[in-house]
Amino acid sequence: MMRYLPFFLFVLLVGCKETTTTDNTNAQQFTSNYDEPYRLQYHFSPPAKWMNDPNGLVYNDGVYHLFYQYYPEDIVWGPMHWGHATSKDLVHWENKPIALYPDENGLIFSGSAVVDKDNTSGFGEDGVAPLVAIFTYHLMEGEKAGRTDFQTQGIAYSLDNGDTWTKYEGNPVIGNEGIKDFRDPKVFWDKDTKQWVMILVAGDHAKFYKSPNLKDWKLMSEFGKDQGAHGGVWECPDLFPLDHPDPDHYAKKWVLLISMNPGAPNGGSGTQYFIGDWDGEKFTTDQKEPLWLDYGMDNYAGVTYNNEPYGERIFIGWMSNWNYARNTPTEAWRSSMTLPRTLKLKRFNEGVRLTNYPYDKVDTLVYDREPVYYTEGPGQVYFDSVNLNQHRIQFKTSAKTDTYFILSNNLREEIEIGFFPEAGKMTFDRSQSGKVDFEPSFGAQRQEQPFNPDGDDIYVTAYIDASSIEIFVDWGRYVFTNQIFPNEPFDEVQVVPADEAALRWFRIDAIPSIWNKPTN
Ligand code: FRU
(Lines give C-alpha, C1' and ligand atoms only; values in the text may rest on other atoms or scores of the structure.)
Protein backbone atom coordinates (compact mmCIF):
# COMPACT_ATOMS: atom_id res chain seq x y z
CA MET A 1 0.00 0.00 0.00
CA MET A 2 3.04 2.29 0.24
CA ARG A 3 2.49 3.24 -3.35
CA TYR A 4 -0.72 5.06 -2.41
CA LEU A 5 0.86 7.21 0.32
CA PRO A 6 2.23 10.02 -1.88
CA PHE A 7 -1.33 10.94 -2.67
CA PHE A 8 -2.32 11.34 0.93
CA LEU A 9 -1.25 14.95 1.11
CA PHE A 10 -3.39 15.69 -1.87
CA VAL A 11 -6.33 13.92 -0.30
CA LEU A 12 -5.86 15.90 2.88
CA LEU A 13 -6.01 19.15 0.94
CA VAL A 14 -8.93 18.50 -1.34
CA GLY A 15 -10.06 15.09 -0.20
CA CYS A 16 -12.75 16.31 2.18
CA LYS A 17 -14.81 17.31 -0.78
CA GLU A 18 -13.84 14.16 -2.67
CA THR A 19 -14.56 11.68 0.04
CA THR A 20 -17.90 13.07 1.12
CA THR A 21 -19.45 13.17 -2.34
CA THR A 22 -22.31 10.74 -2.05
CA ASP A 23 -24.62 11.82 -4.83
CA ASN A 24 -24.71 10.37 -8.29
CA THR A 25 -24.92 13.63 -10.16
CA ASN A 26 -22.56 12.34 -12.81
CA ALA A 27 -21.73 15.86 -13.87
CA GLN A 28 -18.46 14.62 -15.28
CA GLN A 29 -18.78 14.10 -19.01
CA PHE A 30 -15.67 13.76 -21.09
CA THR A 31 -15.22 14.02 -24.76
CA SER A 32 -12.14 13.05 -26.66
CA ASN A 33 -11.32 12.50 -30.27
CA TYR A 34 -8.83 9.76 -29.35
CA ASP A 35 -6.20 11.40 -31.53
CA GLU A 36 -3.38 11.99 -29.07
CA PRO A 37 0.09 10.50 -29.60
CA TYR A 38 0.19 6.84 -28.53
CA ARG A 39 -3.60 6.70 -28.19
CA LEU A 40 -4.80 3.17 -28.87
CA GLN A 41 -7.38 2.85 -31.63
CA TYR A 42 -9.03 -0.53 -31.07
CA HIS A 43 -8.54 -0.97 -27.34
CA PHE A 44 -10.46 0.67 -24.54
CA SER A 45 -8.73 3.60 -22.87
CA PRO A 46 -10.47 6.29 -20.80
CA PRO A 47 -11.45 9.51 -22.56
CA ALA A 48 -9.12 11.44 -20.26
CA LYS A 49 -6.95 11.05 -17.15
CA TRP A 50 -5.80 8.06 -15.13
CA MET A 51 -7.14 4.50 -15.26
CA ASN A 52 -6.02 1.26 -13.65
CA ASP A 53 -7.81 -2.06 -12.97
CA PRO A 54 -10.93 -3.25 -14.81
CA ASN A 55 -13.79 -3.54 -12.29
CA GLY A 56 -17.34 -4.85 -12.20
CA LEU A 57 -17.18 -6.79 -15.49
CA VAL A 58 -20.76 -7.94 -15.96
CA TYR A 59 -23.18 -8.53 -18.82
CA ASN A 60 -26.77 -7.40 -18.33
CA ASP A 61 -29.65 -6.95 -20.74
CA GLY A 62 -27.63 -6.76 -23.95
CA VAL A 63 -24.83 -4.68 -22.45
CA TYR A 64 -21.29 -5.55 -21.41
CA HIS A 65 -20.22 -3.23 -18.62
CA LEU A 66 -16.63 -2.21 -18.06
CA PHE A 67 -16.07 -0.25 -14.87
CA TYR A 68 -12.54 0.75 -14.01
CA GLN A 69 -10.33 2.31 -11.35
CA TYR A 70 -10.40 5.95 -12.30
CA TYR A 71 -8.96 9.24 -11.12
CA PRO A 72 -10.73 11.96 -13.10
CA GLU A 73 -8.49 14.86 -12.01
CA ASP A 74 -5.02 13.80 -13.08
CA ILE A 75 -2.98 11.36 -15.17
CA VAL A 76 -1.46 9.74 -12.09
CA TRP A 77 -3.19 7.56 -9.50
CA GLY A 78 -5.32 9.52 -7.02
CA PRO A 79 -8.61 9.18 -5.10
CA MET A 80 -10.28 6.28 -6.82
CA HIS A 81 -13.68 6.33 -8.50
CA TRP A 82 -15.29 3.73 -10.75
CA GLY A 83 -15.25 5.00 -14.32
CA HIS A 84 -17.68 3.33 -16.70
CA ALA A 85 -17.98 2.26 -20.33
CA THR A 86 -20.38 -0.08 -22.10
CA SER A 87 -20.31 -2.24 -25.19
CA LYS A 88 -22.67 -4.42 -27.16
CA ASP A 89 -19.93 -6.60 -28.64
CA LEU A 90 -16.86 -6.14 -26.40
CA VAL A 91 -15.15 -4.46 -29.35
CA HIS A 92 -16.79 -1.01 -29.67
CA TRP A 93 -17.09 1.02 -26.45
CA GLU A 94 -19.20 3.93 -25.34
CA ASN A 95 -17.95 6.15 -22.53
CA LYS A 96 -20.40 6.68 -19.70
CA PRO A 97 -20.45 9.05 -16.72
CA ILE A 98 -18.55 8.07 -13.59
CA ALA A 99 -20.46 5.34 -11.74
CA LEU A 100 -19.12 5.45 -8.18
CA TYR A 101 -17.59 8.34 -6.26
CA PRO A 102 -15.61 8.18 -3.01
CA ASP A 103 -17.69 8.75 0.14
CA GLU A 104 -17.20 8.99 3.90
CA ASN A 105 -16.19 5.31 4.04
CA GLY A 106 -13.30 5.90 1.65
CA LEU A 107 -12.08 5.72 -1.92
CA ILE A 108 -13.65 3.14 -4.22
CA PHE A 109 -11.07 0.43 -4.93
CA SER A 110 -11.43 -2.63 -7.16
CA GLY A 111 -14.33 -5.07 -7.11
CA SER A 112 -16.96 -6.83 -9.17
CA ALA A 113 -20.63 -6.62 -10.16
CA VAL A 114 -23.47 -9.13 -10.38
CA VAL A 115 -27.00 -9.25 -11.71
CA ASP A 116 -29.18 -10.13 -8.72
CA LYS A 117 -31.78 -11.98 -10.82
CA ASP A 118 -33.81 -13.28 -7.87
CA ASN A 119 -33.61 -9.99 -5.99
CA THR A 120 -31.93 -11.71 -3.03
CA SER A 121 -30.72 -8.29 -1.89
CA GLY A 122 -34.18 -6.75 -1.94
CA PHE A 123 -32.75 -3.78 -3.87
CA GLY A 124 -34.93 -4.63 -6.89
CA GLU A 125 -38.12 -2.69 -7.57
CA ASP A 126 -41.08 -3.30 -9.87
CA GLY A 127 -39.63 -6.53 -11.18
CA VAL A 128 -36.32 -4.92 -12.18
CA ALA A 129 -33.37 -7.10 -11.15
CA PRO A 130 -30.73 -4.87 -9.56
CA LEU A 131 -27.16 -4.68 -10.75
CA VAL A 132 -25.08 -4.86 -7.56
CA ALA A 133 -21.47 -3.64 -7.35
CA ILE A 134 -19.23 -5.03 -4.61
CA PHE A 135 -16.03 -3.05 -4.01
CA THR A 136 -13.35 -2.18 -1.49
CA TYR A 137 -13.48 1.05 0.49
CA HIS A 138 -10.02 2.44 1.18
CA LEU A 139 -9.90 5.02 3.96
CA MET A 140 -6.79 7.15 3.34
CA GLU A 141 -6.99 8.77 6.77
CA GLY A 142 -6.81 5.30 8.36
CA GLU A 143 -3.80 4.30 6.31
CA LYS A 144 -2.00 7.53 7.14
CA ALA A 145 -2.72 7.10 10.83
CA GLY A 146 -0.85 3.79 10.64
CA ARG A 147 -3.94 1.68 11.29
CA THR A 148 -4.39 -1.69 9.59
CA ASP A 149 -8.19 -1.70 9.30
CA PHE A 150 -8.64 0.91 6.55
CA GLN A 151 -9.90 -1.45 3.83
CA THR A 152 -13.51 -2.65 4.11
CA GLN A 153 -16.04 -3.95 1.60
CA GLY A 154 -19.10 -2.03 0.41
CA ILE A 155 -21.95 -2.51 -2.05
CA ALA A 156 -24.07 -0.27 -4.29
CA TYR A 157 -26.93 -1.00 -6.66
CA SER A 158 -28.36 0.26 -9.92
CA LEU A 159 -31.90 -0.17 -11.25
CA ASP A 160 -31.22 1.40 -14.66
CA ASN A 161 -28.58 -1.02 -15.96
CA GLY A 162 -25.63 0.87 -14.57
CA ASP A 163 -26.46 4.50 -15.36
CA THR A 164 -27.04 5.61 -11.76
CA TRP A 165 -26.00 4.01 -8.50
CA THR A 166 -27.13 4.08 -4.88
CA LYS A 167 -24.78 3.05 -2.09
CA TYR A 168 -26.20 0.67 0.50
CA GLU A 169 -26.85 2.49 3.77
CA GLY A 170 -25.54 -0.48 5.76
CA ASN A 171 -22.01 -0.15 4.30
CA PRO A 172 -19.48 -1.50 4.92
CA VAL A 173 -20.85 -5.02 4.60
CA ILE A 174 -17.54 -6.58 5.65
CA GLY A 175 -15.48 -4.69 8.22
CA ASN A 176 -11.81 -5.19 8.92
CA GLU A 177 -10.24 -6.68 12.02
CA GLY A 178 -6.75 -5.54 11.19
CA ILE A 179 -5.65 -6.94 7.85
CA LYS A 180 -3.67 -4.27 6.04
CA ASP A 181 -4.26 -5.55 2.50
CA PHE A 182 -7.85 -6.76 2.44
CA ARG A 183 -9.49 -6.05 -0.86
CA ASP A 184 -10.78 -6.59 -4.40
CA PRO A 185 -13.94 -8.69 -3.86
CA LYS A 186 -14.98 -10.91 -6.75
CA VAL A 187 -18.54 -12.16 -6.29
CA PHE A 188 -20.39 -14.82 -8.29
CA TRP A 189 -23.57 -16.84 -7.92
CA ASP A 190 -22.70 -20.46 -7.10
CA LYS A 191 -25.56 -22.31 -8.78
CA ASP A 192 -24.73 -25.61 -7.06
CA THR A 193 -24.99 -24.28 -3.52
CA LYS A 194 -27.43 -21.50 -4.45
CA GLN A 195 -25.56 -18.74 -2.69
CA TRP A 196 -23.32 -15.81 -3.43
CA VAL A 197 -19.60 -16.48 -3.10
CA MET A 198 -16.98 -13.77 -2.57
CA ILE A 199 -13.24 -14.16 -3.01
CA LEU A 200 -11.19 -11.52 -1.23
CA VAL A 201 -7.44 -11.22 -1.02
CA ALA A 202 -5.72 -10.68 2.29
CA GLY A 203 -2.03 -9.95 1.60
CA ASP A 204 -0.67 -13.45 1.01
CA HIS A 205 -3.83 -15.52 0.62
CA ALA A 206 -7.42 -15.58 -0.60
CA LYS A 207 -10.51 -15.75 1.64
CA PHE A 208 -13.84 -17.22 0.54
CA TYR A 209 -17.12 -15.90 1.94
CA LYS A 210 -20.75 -16.82 1.35
CA SER A 211 -23.95 -14.81 1.48
CA PRO A 212 -27.66 -15.36 0.83
CA ASN A 213 -28.32 -11.68 0.02
CA LEU A 214 -25.05 -9.83 -0.81
CA LYS A 215 -25.32 -7.97 2.50
CA ASP A 216 -24.53 -10.59 5.18
CA TRP A 217 -21.27 -12.42 4.61
CA LYS A 218 -19.75 -15.40 6.39
CA LEU A 219 -16.16 -16.63 6.03
CA MET A 220 -15.95 -20.20 4.67
CA SER A 221 -12.31 -20.93 3.94
CA GLU A 222 -8.88 -19.66 2.93
CA PHE A 223 -6.36 -20.61 0.27
CA GLY A 224 -2.80 -19.94 -0.68
CA LYS A 225 -0.57 -19.10 2.27
CA ASP A 226 1.71 -21.98 1.23
CA GLN A 227 0.84 -22.20 -2.43
CA GLY A 228 1.85 -20.32 -5.54
CA ALA A 229 4.12 -17.31 -5.92
CA HIS A 230 4.55 -14.92 -2.99
CA GLY A 231 6.96 -12.27 -4.26
CA GLY A 232 4.41 -9.53 -3.62
CA VAL A 233 0.93 -8.66 -2.40
CA TRP A 234 -1.98 -10.72 -3.75
CA GLU A 235 -4.59 -8.59 -5.52
CA CYS A 236 -7.67 -8.85 -7.75
CA PRO A 237 -8.72 -12.52 -7.41
CA ASP A 238 -11.18 -14.36 -9.61
CA LEU A 239 -12.63 -17.89 -9.49
CA PHE A 240 -14.61 -19.61 -12.25
CA PRO A 241 -15.31 -23.00 -13.82
CA LEU A 242 -14.06 -24.02 -17.27
CA ASP A 243 -14.69 -27.12 -19.35
CA HIS A 244 -12.33 -29.96 -18.55
CA PRO A 245 -9.80 -30.26 -21.39
CA ASP A 246 -9.94 -34.07 -21.56
CA PRO A 247 -12.68 -35.93 -23.45
CA ASP A 248 -15.21 -37.75 -21.24
CA HIS A 249 -14.61 -35.50 -18.25
CA TYR A 250 -17.93 -33.86 -17.64
CA ALA A 251 -16.97 -32.21 -14.36
CA LYS A 252 -15.60 -28.73 -14.78
CA LYS A 253 -12.24 -27.61 -13.45
CA TRP A 254 -12.02 -24.36 -11.51
CA VAL A 255 -9.45 -21.66 -12.12
CA LEU A 256 -8.32 -19.18 -9.48
CA LEU A 257 -6.64 -16.03 -10.83
CA ILE A 258 -4.44 -14.03 -8.48
CA SER A 259 -2.71 -10.85 -9.53
CA MET A 260 0.47 -10.13 -7.64
CA ASN A 261 2.63 -7.04 -7.32
CA PRO A 262 5.61 -7.10 -7.36
CA GLY A 263 7.14 -10.52 -8.12
CA ALA A 264 5.99 -11.29 -11.69
CA PRO A 265 8.42 -13.44 -13.72
CA ASN A 266 9.63 -10.50 -15.81
CA GLY A 267 9.34 -7.90 -13.07
CA GLY A 268 6.68 -5.89 -11.28
CA SER A 269 3.02 -6.81 -11.69
CA GLY A 270 1.70 -10.10 -13.09
CA THR A 271 -1.11 -12.64 -12.83
CA GLN A 272 -0.70 -16.22 -11.64
CA TYR A 273 -3.35 -18.92 -11.85
CA PHE A 274 -4.22 -22.16 -10.11
CA ILE A 275 -6.19 -25.02 -11.67
CA GLY A 276 -8.17 -27.00 -9.13
CA ASP A 277 -11.57 -27.80 -7.66
CA TRP A 278 -14.27 -25.87 -5.84
CA ASP A 279 -16.66 -27.80 -3.60
CA GLY A 280 -18.88 -24.87 -2.68
CA GLU A 281 -16.80 -24.05 0.38
CA LYS A 282 -13.16 -24.33 -0.44
CA PHE A 283 -10.72 -24.28 -3.34
CA THR A 284 -8.15 -27.09 -3.57
CA THR A 285 -5.39 -27.86 -6.04
CA ASP A 286 -2.53 -30.29 -6.40
CA GLN A 287 -0.61 -27.80 -8.52
CA LYS A 288 2.94 -27.51 -7.28
CA GLU A 289 4.48 -24.71 -9.36
CA PRO A 290 3.18 -21.20 -10.00
CA LEU A 291 1.68 -20.76 -13.47
CA TRP A 292 1.39 -17.35 -15.19
CA LEU A 293 -1.32 -16.11 -17.52
CA ASP A 294 0.93 -13.78 -19.52
CA TYR A 295 4.70 -13.29 -19.45
CA GLY A 296 4.61 -9.73 -20.80
CA MET A 297 5.02 -6.86 -18.36
CA ASP A 298 1.70 -5.18 -19.17
CA ASN A 299 -1.24 -7.35 -18.24
CA TYR A 300 -2.33 -6.83 -14.66
CA ALA A 301 -5.38 -7.01 -12.38
CA GLY A 302 -7.35 -8.86 -15.06
CA VAL A 303 -10.67 -10.49 -14.19
CA THR A 304 -13.56 -12.09 -16.08
CA TYR A 305 -17.17 -11.30 -16.96
CA ASN A 306 -20.03 -12.38 -14.76
CA ASN A 307 -23.26 -13.48 -16.47
CA GLU A 308 -21.64 -13.81 -19.93
CA PRO A 309 -24.47 -14.99 -22.21
CA TYR A 310 -22.73 -17.42 -24.60
CA GLY A 311 -20.99 -19.73 -22.13
CA GLU A 312 -17.58 -18.16 -22.66
CA ARG A 313 -15.17 -16.95 -20.01
CA ILE A 314 -13.98 -13.52 -21.09
CA PHE A 315 -11.07 -11.74 -19.47
CA ILE A 316 -9.88 -8.12 -19.61
CA GLY A 317 -6.67 -6.89 -17.97
CA TRP A 318 -5.11 -3.50 -17.34
CA MET A 319 -2.31 -3.01 -19.84
CA SER A 320 0.30 -1.59 -17.50
CA ASN A 321 2.59 -2.38 -14.59
CA TRP A 322 2.87 -0.65 -11.22
CA ASN A 323 6.66 -0.38 -11.79
CA TYR A 324 6.13 2.45 -14.25
CA ALA A 325 2.37 2.96 -14.72
CA ARG A 326 2.51 6.59 -13.66
CA ASN A 327 5.58 7.41 -15.80
CA THR A 328 4.54 6.31 -19.29
CA PRO A 329 4.85 9.07 -21.92
CA THR A 330 1.21 9.98 -22.51
CA GLU A 331 -0.35 13.29 -21.57
CA ALA A 332 -4.12 13.56 -21.81
CA TRP A 333 -4.91 10.05 -20.61
CA ARG A 334 -3.00 7.19 -19.13
CA SER A 335 -3.13 3.48 -19.91
CA SER A 336 -5.56 1.15 -21.62
CA MET A 337 -7.11 -2.30 -21.25
CA THR A 338 -5.96 -5.46 -23.02
CA LEU A 339 -8.10 -6.84 -25.80
CA PRO A 340 -10.93 -8.95 -24.35
CA ARG A 341 -9.68 -12.53 -24.29
CA THR A 342 -11.36 -15.91 -24.12
CA LEU A 343 -9.95 -18.24 -21.47
CA LYS A 344 -9.79 -22.02 -22.02
CA LEU A 345 -8.16 -25.02 -20.41
CA LYS A 346 -6.16 -27.16 -22.82
CA ARG A 347 -3.99 -30.21 -22.37
CA PHE A 348 -0.41 -30.05 -23.66
CA ASN A 349 2.51 -32.48 -23.31
CA GLU A 350 3.59 -30.73 -20.12
CA GLY A 351 0.09 -30.77 -18.58
CA VAL A 352 -3.14 -28.77 -18.48
CA ARG A 353 -2.68 -25.03 -19.01
CA LEU A 354 -4.89 -21.94 -19.18
CA THR A 355 -4.83 -20.29 -22.61
CA ASN A 356 -5.95 -16.72 -23.34
CA TYR A 357 -6.66 -15.50 -26.86
CA PRO A 358 -8.56 -12.48 -28.26
CA TYR A 359 -12.31 -12.86 -28.18
CA ASP A 360 -13.68 -13.93 -31.61
CA LYS A 361 -15.44 -10.66 -32.30
CA VAL A 362 -12.18 -8.70 -32.27
CA ASP A 363 -11.46 -10.13 -35.70
CA THR A 364 -14.77 -8.89 -37.07
CA LEU A 365 -12.88 -5.58 -37.32
CA VAL A 366 -10.86 -7.00 -40.22
CA TYR A 367 -13.55 -9.05 -41.98
CA ASP A 368 -14.23 -8.20 -45.62
CA ARG A 369 -10.97 -6.34 -45.98
CA GLU A 370 -8.09 -7.35 -48.20
CA PRO A 371 -4.90 -8.18 -46.33
CA VAL A 372 -2.25 -5.46 -46.52
CA TYR A 373 0.28 -8.14 -47.40
CA TYR A 374 0.35 -11.89 -47.78
CA THR A 375 3.16 -14.20 -48.74
CA GLU A 376 3.79 -17.91 -48.62
CA GLY A 377 7.03 -19.53 -47.47
CA PRO A 378 9.66 -20.73 -47.62
CA GLY A 379 12.01 -17.81 -47.09
CA GLN A 380 12.30 -14.81 -44.82
CA VAL A 381 9.95 -11.89 -44.56
CA TYR A 382 11.11 -8.32 -44.99
CA PHE A 383 8.27 -5.87 -45.51
CA ASP A 384 8.68 -2.13 -45.13
CA SER A 385 6.06 -0.17 -46.94
CA VAL A 386 3.40 0.43 -44.36
CA ASN A 387 3.02 2.22 -41.04
CA LEU A 388 2.23 -0.71 -38.74
CA ASN A 389 0.53 1.30 -36.04
CA GLN A 390 -2.81 -0.48 -36.12
CA HIS A 391 -2.37 -3.97 -37.45
CA ARG A 392 -2.66 -7.67 -36.92
CA ILE A 393 0.36 -9.68 -38.05
CA GLN A 394 0.14 -13.46 -38.36
CA PHE A 395 2.50 -16.16 -39.48
CA LYS A 396 3.02 -19.86 -39.32
CA THR A 397 6.48 -21.32 -39.11
CA SER A 398 8.28 -24.44 -37.99
CA ALA A 399 8.22 -25.08 -34.25
CA LYS A 400 11.65 -26.70 -34.52
CA THR A 401 13.65 -23.72 -35.81
CA ASP A 402 14.91 -20.64 -33.98
CA THR A 403 13.13 -17.59 -35.37
CA TYR A 404 13.31 -13.81 -34.92
CA PHE A 405 10.31 -11.56 -35.41
CA ILE A 406 11.38 -7.91 -35.56
CA LEU A 407 9.46 -4.65 -35.86
CA SER A 408 11.50 -1.52 -36.54
CA ASN A 409 11.55 2.02 -37.96
CA ASN A 410 13.95 4.42 -39.68
CA LEU A 411 15.23 5.67 -36.33
CA ARG A 412 16.60 2.15 -35.76
CA GLU A 413 14.17 1.62 -32.97
CA GLU A 414 12.91 -1.94 -32.74
CA ILE A 415 11.32 -4.68 -30.78
CA GLU A 416 12.73 -8.14 -31.18
CA ILE A 417 10.79 -11.26 -30.38
CA GLY A 418 12.70 -14.54 -30.38
CA PHE A 419 11.47 -18.15 -30.55
CA PHE A 420 14.11 -20.62 -29.38
CA PRO A 421 12.69 -24.14 -29.26
CA GLU A 422 16.06 -25.79 -28.57
CA ALA A 423 16.72 -23.55 -25.59
CA GLY A 424 13.07 -23.88 -24.56
CA LYS A 425 12.39 -20.16 -24.34
CA MET A 426 10.67 -17.28 -26.06
CA THR A 427 11.98 -13.73 -25.57
CA PHE A 428 10.73 -10.16 -25.94
CA ASP A 429 13.19 -7.27 -26.08
CA ARG A 430 11.95 -3.66 -26.06
CA SER A 431 15.22 -2.11 -24.83
CA GLN A 432 15.68 -0.23 -28.16
CA SER A 433 12.01 0.39 -28.83
CA GLY A 434 11.96 4.21 -28.55
CA LYS A 435 11.04 5.95 -25.32
CA VAL A 436 12.19 3.52 -22.62
CA ASP A 437 14.02 5.55 -20.02
CA PHE A 438 11.03 6.99 -18.14
CA GLU A 439 11.62 4.19 -15.61
CA PRO A 440 14.59 1.79 -15.45
CA SER A 441 12.72 -1.51 -15.51
CA PHE A 442 10.68 -0.69 -18.63
CA GLY A 443 13.34 -1.57 -21.19
CA ALA A 444 16.13 -2.90 -19.03
CA GLN A 445 15.62 -6.56 -19.30
CA ARG A 446 14.92 -9.03 -22.10
CA GLN A 447 11.67 -10.70 -21.10
CA GLU A 448 11.59 -14.49 -21.23
CA GLN A 449 9.12 -17.32 -20.97
CA PRO A 450 9.35 -21.10 -21.21
CA PHE A 451 8.61 -22.28 -24.76
CA ASN A 452 8.02 -25.95 -25.56
CA PRO A 453 5.47 -26.16 -28.36
CA ASP A 454 3.91 -29.57 -28.95
CA GLY A 455 3.25 -29.42 -32.71
CA ASP A 456 5.45 -29.28 -35.81
CA ASP A 457 4.52 -25.66 -36.50
CA ILE A 458 3.77 -22.62 -34.39
CA TYR A 459 1.07 -20.14 -35.25
CA VAL A 460 1.81 -16.55 -34.18
CA THR A 461 -0.68 -13.68 -33.98
CA ALA A 462 0.38 -10.17 -32.95
CA TYR A 463 -1.94 -7.20 -32.43
CA ILE A 464 -0.21 -3.82 -32.61
CA ASP A 465 -2.12 -0.74 -31.56
CA ALA A 466 -0.13 2.53 -31.32
CA SER A 467 1.54 1.89 -27.95
CA SER A 468 0.82 -1.79 -27.38
CA ILE A 469 1.68 -5.17 -28.78
CA GLU A 470 -0.04 -8.41 -27.73
CA ILE A 471 1.55 -11.59 -29.04
CA PHE A 472 -0.18 -14.96 -28.94
CA VAL A 473 1.45 -18.23 -29.92
CA ASP A 474 -0.71 -21.28 -30.62
CA TRP A 475 -4.03 -19.65 -29.70
CA GLY A 476 -2.87 -18.18 -26.44
CA ARG A 477 -0.62 -20.85 -25.01
CA TYR A 478 2.33 -18.41 -24.94
CA VAL A 479 1.48 -14.74 -24.50
CA PHE A 480 3.46 -11.50 -24.22
CA THR A 481 1.51 -8.27 -23.63
CA ASN A 482 3.66 -5.15 -23.67
CA GLN A 483 3.45 -1.40 -24.05
CA ILE A 484 5.81 0.27 -26.53
CA PHE A 485 6.54 3.94 -27.21
CA PRO A 486 8.45 4.28 -30.50
CA ASN A 487 9.29 7.84 -31.58
CA GLU A 488 7.94 7.00 -35.02
CA PRO A 489 5.56 4.19 -35.83
CA PHE A 490 7.20 0.91 -36.73
CA ASP A 491 7.04 0.41 -40.48
CA GLU A 492 9.34 -2.54 -41.11
CA VAL A 493 8.66 -6.10 -40.16
CA GLN A 494 10.92 -9.11 -40.49
CA VAL A 495 10.48 -12.78 -39.77
CA VAL A 496 13.83 -14.50 -39.87
CA PRO A 497 13.89 -18.25 -39.27
CA ALA A 498 17.34 -19.85 -38.90
CA ASP A 499 16.27 -22.35 -41.55
CA GLU A 500 14.54 -20.57 -44.42
CA ALA A 501 12.45 -23.61 -45.21
CA ALA A 502 10.65 -23.09 -41.91
CA LEU A 503 8.26 -20.30 -42.88
CA ARG A 504 4.82 -21.47 -44.10
CA TRP A 505 2.98 -18.19 -44.60
CA PHE A 506 2.83 -14.61 -43.36
CA ARG A 507 0.05 -12.04 -43.38
CA ILE A 508 -0.65 -8.44 -42.30
CA ASP A 509 -4.11 -6.90 -41.85
CA ALA A 510 -4.99 -3.32 -41.02
CA ILE A 511 -7.41 -2.80 -38.12
CA PRO A 512 -9.74 0.20 -38.24
CA SER A 513 -10.32 2.50 -35.29
CA ILE A 514 -13.28 1.76 -33.05
CA TRP A 515 -13.63 5.44 -32.11
CA ASN A 516 -15.90 6.56 -34.95
CA LYS A 517 -13.22 7.47 -37.40
CA PRO A 518 -12.98 6.92 -41.12
CA THR A 519 -11.53 3.53 -41.98
CA ASN A 520 -7.79 3.69 -42.51
C1 FRU B 1 -4.45 -3.43 -8.23
C2 FRU B 1 -4.89 -2.52 -7.11
C3 FRU B 1 -5.99 -3.16 -6.30
C4 FRU B 1 -6.66 -1.96 -5.69
C5 FRU B 1 -6.57 -0.94 -6.79
C6 FRU B 1 -6.42 0.47 -6.30
O7 FRU B 1 -3.84 -2.78 -9.28
O8 FRU B 1 -3.80 -2.19 -6.28
O9 FRU B 1 -5.52 -4.11 -5.37
O10 FRU B 1 -7.98 -2.24 -5.33
O11 FRU B 1 -5.45 -1.29 -7.57
O12 FRU B 1 -6.54 1.39 -7.34
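**View 1. F383 and its stacked partner, Y373.** At 8% relative accessibility, F383 counts as buried, because anything under 20% falls in that class. This is a predicted model, so keep that in mind for every view here. Zoom in on F383 and you'll find Y373 paired with it: the two rings are stacked, 4.2 Å centre to centre, with 20° between the planes. Y373 sits in strand β23 (residues 373-376), while F383 belongs to strand β24 (residues 381-383), and the two are 10 residues apart. Unlike its buried partner, Y373 is partly exposed, with a relative accessible area of 24%.

**View 2. A cluster of rings around that pair.** Pull back a little and Y373 and F383 turn out to have company: ring pairs link them with F395, F405, F419, F451, Y478 and F506 into a cluster. Across the whole structure there are 43 aromatic pairs.

**View 3. Y459 and W505, a tilted pair.** How far apart are the ring centres of Y459 and W505? They are 5.8 Å apart, and the planes meet at 55°, so this pair counts as tilted. The stacked label needs planes under 30 degrees apart and edge-to-face needs over 60, so 55° fits neither. Y459 comes from strand β30 (residues 457-465) and W505 from strand β34 (residues 503-510), so the pair ties together parts of the chain that are 46 residues apart in sequence. As for Y459, it's buried, with a relative accessible area of 13%.

**View 4. S211, tucked away in strand β11.** Look for S211 in β11, which covers residues 206-211. Is S211 buried or exposed? It's buried, with a relative accessible area of just 2%. Leaving out residues up to four places away in sequence, S211 touches Q195, W196, D216 and W217. Its side chain also has a polar atom 3.0 Å from the backbone nitrogen of N213, and one 2.8 Å from the backbone oxygen of D216. Q41 won't be in this close-up: its C-alpha atom is 41 Å from that of S211, and the two residues are 170 apart along the chain.

**View 5. Inside the largest pocket.** This pocket holds about 950 Å³ of space. Its lining is made of 30 residues, and the ones nearest the centre are W189, K191, P241, N307 and R313. Which elements give two or more residues to the lining? They are β5 (107-115), β9 (183-190), β13 (233-242) and β21 (341-348). The lining is a mix of 13 nonpolar, 5 polar and 12 charged residues.

Technical notes
Residues numbered from 1 in each chain as written. Predicted model: local features only at pLDDT ≥ 70, side-chain atom pairs only at ≥ 80, totals over all residues. Heavy atoms only, no water. 1 Å grid on protein atoms, 1.4 Å probe; cavity = no way out; pocket = protein on both sides within 12 Å on 5 of 7 lines; lining within 4 Å. Points joined across faces, edges and corners; volume = space filled by probe spheres on them. Helix = DSSP H or I, 4+ residues; strand = E, 2+ residues; numbered from the N terminus. Nonpolar A, V, L, I, M, F, W, Y, C, P; charged D, E, K, R; others polar. Buried < 20%, exposed > 50% of the residue type's maximum accessible area, 1.4 Å probe, protein only. Contact = heavy atoms within 4.5 Å. Polar contact = N/O pair within 3.5 Å; in protein donor to acceptor, adjacent residues only side chain to side chain. Phe/Tyr/Trp six-rings, centres within 6.5 Å; stacked < 30°, edge-to-face > 60°.
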